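This report walks through selected local features of one protein chain. Keep the sequence and the 3D view open while reading.

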Amino acid sequence: MADVRCFINGKEHIVPLTLPATTTLNEYLRETVGLKGTKVMCHEAGCGCCAVTVTHATPESDRLETYSVQSCVTPLYAVDGWQINTIEGIGSQKKGLHPIQERVAKFNGTQCGYCTPGVVMNMYGLLHQKPKITAQEVEDNFDGNICRCTGYRPILDAMKSFANDGNIPGCEAIDIEDLNKNLCPKTGETCQGKCTRRLDVQVNGARWYRPVTLAELGKLMTDYKDKKIRPVFGNTSTGIYKKGGLCDAYFDMRGVKELYSFEATSTTIRLGAATTLTHVIERLKAHQEKPGFSYLSEVCKHLKVVANVMVRNTACIGGNLMVKYWHHEFPSDVFTLLECAGANLEIYDTASGQKSITPILDLLTKLKMGDKVLTAIILPSLADNVHYKSFKVTPRWQNAHAYVNAAFGIPVDGLTIKGRPSLVLGGISANTIHATKTEDFLANKTLSIGVIKEAFALIRDELKPTESPLETSAKYRKDLAGGLLYKVLLGLHKSRGSKVWSGPNDLHRPLSSGIQTFQEMSHEFPLKRAGPKMDAAVQASGEAVYVNDMPKVQNELYAAFTLADVASATIESLDASEALKLPGVTHFLSAKDIIGENHYKFGGNLFDMPQHEVFASKEVYYNGQPLCLILAETQSAANEGAKRVKVTYSEIRPPVLTIEESLAKDMEFKHVRKTVVVGEPDEAWSTVDHTVEGTIRMGSQYHFYMETQVSLAVPSEDGIDLYSSTQYSDMCHHAAAQIIGKPFNYINITVPRIGGGFGGKSFDPALLSSAATLAAYISDRPVRLNLDLNSNIRICGKRPPFVAKYKAGFNNDGAVQVVDIDFASDIGFTDQGHILTIDAATYMDMSYFVPNWHWVGRSMKTNKKSVQPVRAPGAVPSALIIESIMEHVAKALDKHPMRIKEINLYQNGHKDIYGHILQNCTLKEVWQRLKDVAEIEGRLKQVDNFNRENTWKKRAISMTACKHGIQFYGPGFGATVSIFCRDGSVAITQGGVEMGQGLYTKVAQGVAYVLGISLDNIKVRPMQGISSPNSSITGASVVSESSMQAAIKAAEILKERMRPIREKFPDANWKELCMKCDANKIDLSARSFNKHELFDHPVFNYNTYAAAATETEVDILTGESQIRRVDIMADYGESLNPVIDIGQTEGAFVMGLGNFLIEDTKFDMETGRILSDGTWNYKPPTSKDIPIDWRIHLLPNTPNPSGIRSSKACGEPPISLSTGVLLANKLALEYARQELFGKKDFIPVDAPFTPEKAHQSVGINESILMM
């Protein structure tokens, strides 16, 4: 065929052959077709926001399949003959929303909305695959959609409402059969699925083939034997291994019918190599009840946690094995499972045209696959006495590669192993496959506790894990392998003791559920009414426009940074000559081209910022620092050009990357050291009965907003129109103006909704805004600068890690009298981050009354990017510290931590650390009501009983509290309310930024309440610098309320202007009233400003109070855990919108559990490069990491006299409650240590408290194993 054709949303497209062969479907949809509803973020098949559904015929049966894929890795030229549906194709506001879009909006399943189209399209594909889907299947198949905002619960509820067994209110299945028209690219009629086309086209720089027979494929491989080729199927491995470069030819394997074959006999099952993992699961599941194939149930269970559903839909079993062939270090679950089962491979030799059968192990040890094709995998039946068990231990529950995976096949007769077992492990090293010495030892052994202990010790001794900064420690992986072997051997002992009976079992996660209770204030409706965000529907339909969704402007250029690849050096030269030779590259810009000032941060009335260069002029301070900018006609050309800039350094110095090294080298920013003394701490030590001391550590969390940093600068007739995804428009405005030496009014800045922020778009967006503005000014062309995920993580600041040494003095009853804390925080290469050290001091007491404090905060310099605020930047470290201290005190007194905490809780009449007497302090009430509603006392007894009965699984309940001070910082926020007289519709613009927190909705609710009109009459428009100049940063949870109050004041001005006309025409409807006001020359536009002021407290306007009870369960043998139940009680005053505020609570809590259990930033200690710069190695929580049973209650009848409209801020406070997840896990492990070793010691707190840290804190060895 001479062309590539497909249908997109029912319209035929002839794909141009001028695009590079590596072009993805996502790039084509967004950049060529202009369908921006399909988002993009990771380019790694790891986040799900790019999901679309595809329908095509499969060669083996010509039947149609519809399923969801990650368009960011789907090759464009592979879609010939496909029907593609994007979010725009299934529903819109004009044509009507699809039921999935309606449901996710109704259930408040959107916040920033950037992930929402991908969520919708994943469900759309699932319903095509499983029209009668169950609630469990829904939860199992949302493993590929990351959402940083919502906490997942409302998304899962929305999708489970389609389940045929769902118990979700509003649950209703839909008829999916008519939703996909399956238009045939060949005939234009409804596709009958009868054609798979051969393809042979010359694309930009390469040849693209789709052979339809094995013989054709063989001939192509022979013809290109001396060329660089790439076989392509799902292409999902490019999300991991990205440096393959361009090839001479690409072979699309999807058309080769022989690769899809399937055959099942009484002794074997033959799977064609092109069988997708989804189909592998389906086909094996259909045969798992047959004699000899019962082990397939274990294989299927394991395969369901390989990658994510959209990867499994497209990746084939042969492709997975070939990735293992080319990259032996790849921890392939598929290989581990098949090798343990003794699978064989069918190999086609293209030179001879012959097929042969070989053991799968030969793929890694003998075979040279350069001229061969893997055509099939053959699974044998296993004898009835073979006990087959597999494991996968990962940093999170879903969509993560294994620390260690394992499959054990052990033939047994009673307790005797008959012959040699098969012990296969992945994740150990590139060359480790079998634990051969342990296999030899166990051969023909009769199991006893002595044999088990010896095997445990032997497997740990023989394995030699490869050390890597991205992997867990070698010791953990060795210990974990021993623990997994113990699990499987223990499982063979059917008469094992009751206390160890649960030892072999994995943690079981049942279907999740949630309960929310709240109070509405009907007399102020639509204000204080619970409901989804006003823009939920536009987000669910993909019609919400973010900066990078804005249509391409004529003559637009794309930009890309060249980044430093060392962390501390002096730049000698930048040579862009090779970059400028590339087709499409137009400009090279560096510090020498800057017209105005080369920095993008500044001091002002809110923050005192040290200068940060836009482009490094001489010195490099961190790996990832921008050095220069390449402009090009396409994004791919700009990216390639940026890579080709040659950087020469005259001096490269070893980087300082840890707090300990910075302390040792005396690199503290001493001029900003913060010391706080409360009471008389020196005297207090002599009055206490006991002391404890220890060290607490926390790592660095990346914001993981779904929309990466982006700015678009467009020259206009008298300036530059700047569009930025930022929380701080004023800083972007300032930086853009000063880099080109122009006044502020030269820049017209607009900030549409942003795709998540969490503090990460506070300061760093100014870097992009200034660079894009400079580029647009010099080139006199529009310039779009959008960071890919890898660059975004490398360039941008993160949550600062800290090390805190503490000492606490307390009385016999547990009342803490004095605390001393030495807090050292890694703030990067400038002292900017000292404001976060100060913020930690501000929140150091959190919820607990301690009369005497000595707190020293050290801001440490390292060769890292200056840190940025991350959700509750001060409260998160301080909560972890003080909650840990309370837990340590409890351990010293041999009491449950809950008892100690409730003794020390703040209550009315207490003075806080500022000497302010607390009034309206509901913390005690919140705590007690939570204990009652969560039935804590009864559940503590249940936990104790469970722990007495189970040695290798332990549970614990932790309670945590939150007193989060809220400050209306900065000058304040303004709003303009305009009424259009002819129809009475209302438009509002204001100074805050909508980033998922419901700002637009709350603003509209307030105006609707004042004017007495429907929300349908109101629209809130994006923030613009001309109407909201000098706007402060949108952060710290207060801007929704403040902007709403400004809008309310403006609406009250309008209402007062309209009052005489209303009195004159009392019966006029709203539209008539507006017309009459216009006729009477009433100005129907008003602006007001909500000035921020402190009242009677030196720091805070008021406190938000909350508490959480968290129950977790830990597998002692692996370190894995799950959150069984979380109950939260929160005092949010009179919530302006309870549904939105509960959504903020859930999102904050899940972001916190990521910080405390999973997420950390890893560095190459020699170069300073961030290694965890993508979804393969950085893992925020997914939908199965959330609490199984999640209950949130808003305290009723508690108006806040110091808040706006009696409300309280809620975006940041709940994150500190998630310290309870870490502390409950740690408490469970302490129960285990007490049982196993008789020790009642306190396990130090080290966040994130990963499975590795959890497991290693127990100290398991062979001496404590039991049967």
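## A polar contact at Lys392

The side chains of Lys392 and Asp333 are joined by a polar contact of 3.1 Å. The model is predicted, and this distance is computed from it. Lys392 sits in strand β15, residues 386-393. Is Lys392 buried or exposed? The relative accessible area of Lys392 is 14%, under the 20% cut-off, so Lys392 counts as buried.

Beyond its neighbours within four places in sequence, Lys392 contacts His302, Val305, Val306 and Ala307. Asp333 is on the contact list too, as are Ala400, His401, Ala402, Val404 and Asn405. Glu1120 also touches Lys392.

## The annotated pair

An unreviewed UniProt entry assigns the feature "binding site" to Leu374 and Lys392. The two positions span 19 residues of sequence and are also spread in space, with up to 25.7 Å between C-alpha atoms.

Leu374 belongs to strand β14, residues 372-380. Its relative accessible area is 8%, so Leu374 is buried. Which residues does Leu374 touch, not counting those up to four places away in sequence? They are Leu259, Ala273, Gly318, Leu321, Met322, Leu345, Glu346, Ile347 and Met369.

## Helix α11

Two of the contacts of Leu374, Gly318 and Leu321, are among the buried residues of α11. This helix covers residues 317-326, and eight of its ten residues are buried, so the rest of the structure largely encloses α11. The buried set is Ile317, Gly318, Asn320, Leu321, Met322, Val323, Lys324 and Tyr325.

What do these buried residues pack against? The partners are β11 (268-272), α8 (277-285), α12 (333-341), β12 (344-349), α13 (362-365) and β14.

## Nonpolar cores

The largest nonpolar core holds 285 residues, and Phe561 and Trp952 touch the most other members. Helix α26, residues 875-893, supplies the largest share of this core, with eleven residues. Another core, of 47 residues, lies apart from the largest one; its members include Leu284, Val306, Cys340 and Leu379.

Setting aside neighbours within four places in sequence, Phe561 contacts Phe615, Pro626, Cys628, Leu629 and Ala642. Leu767, Leu768, Ala771, Leu785, Leu787 and Ile795 are also in contact with Phe561.

## Strand β20

Phe561 is one of the residues of β20. Strand β20 runs over residues 557-563; seven of the seven are buried, so β20 is largely enclosed by the rest of the structure. In a regular strand, side chains alternate between the two faces of the sheet. Here Leu557, Ala559, Phe561 and Leu563 point one way, while Tyr558, Ala560 and Thr562 point the other way.

How do the pairings of β20 run, parallel or antiparallel? With β31 (residues 783-786), β20 pairs in the parallel sense over three bridges. Tyr558 has Arg784 as its bridge partner there. With β24 (residues 626-632), the sense is antiparallel, over six bridges. Ala560 and Ile630 are bridge partners in that pairing.

## A four-stranded open sheet

Four strands in the order β6-β7-β9-β8 make up an open sheet with mixed pairing. The edge strands are β6 (199-203) and β8 (229-232); each has a single partner strand, so one side of each lacks a neighbour in the sheet. From one strand to the next, the twist averages 15°.

Strands β6 and β7 (residues 206-210) run antiparallel and are joined by five bridges. Asp200 has Tyr209 in β7 as its bridge partner.

Methods
Residues are numbered from 1 along each chain as its sequence is written. This is a predicted model: local features need pLDDT of at least 70, side-chain atom pairs count only at pLDDT 80 or more; totals for chains, interfaces and linings use all residues. Side-chain values use heavy atoms; hydrogens and water are left out. UniProt positions are given in the numbering used here, feature names are shortened, and annotations may be inferred rather than shown by experiment. Buried means under 20% relative accessible area, exposed over 50%, partly exposed in between (1.4 Å probe, protein chains only). Contact means heavy atoms within 4.5 Å. A polar contact is a pair of N or O atoms within 3.5 Å; within protein, one must be able to donate a hydrogen and the other to accept it, and residues adjacent in sequence count only if both atoms are side-chain atoms. A nonpolar core is a set of buried Ala, Val, Leu, Ile, Met, Phe, Trp, Tyr and Cys residues joined through side-chain atoms within 4.5 Å. Two strands pair if DSSP finds at least two bridges between them. Axes are lines fitted to C-alpha atoms, for helices over the stretch in contact, and angles run from 0 to 180 degrees between N-to-C directions.
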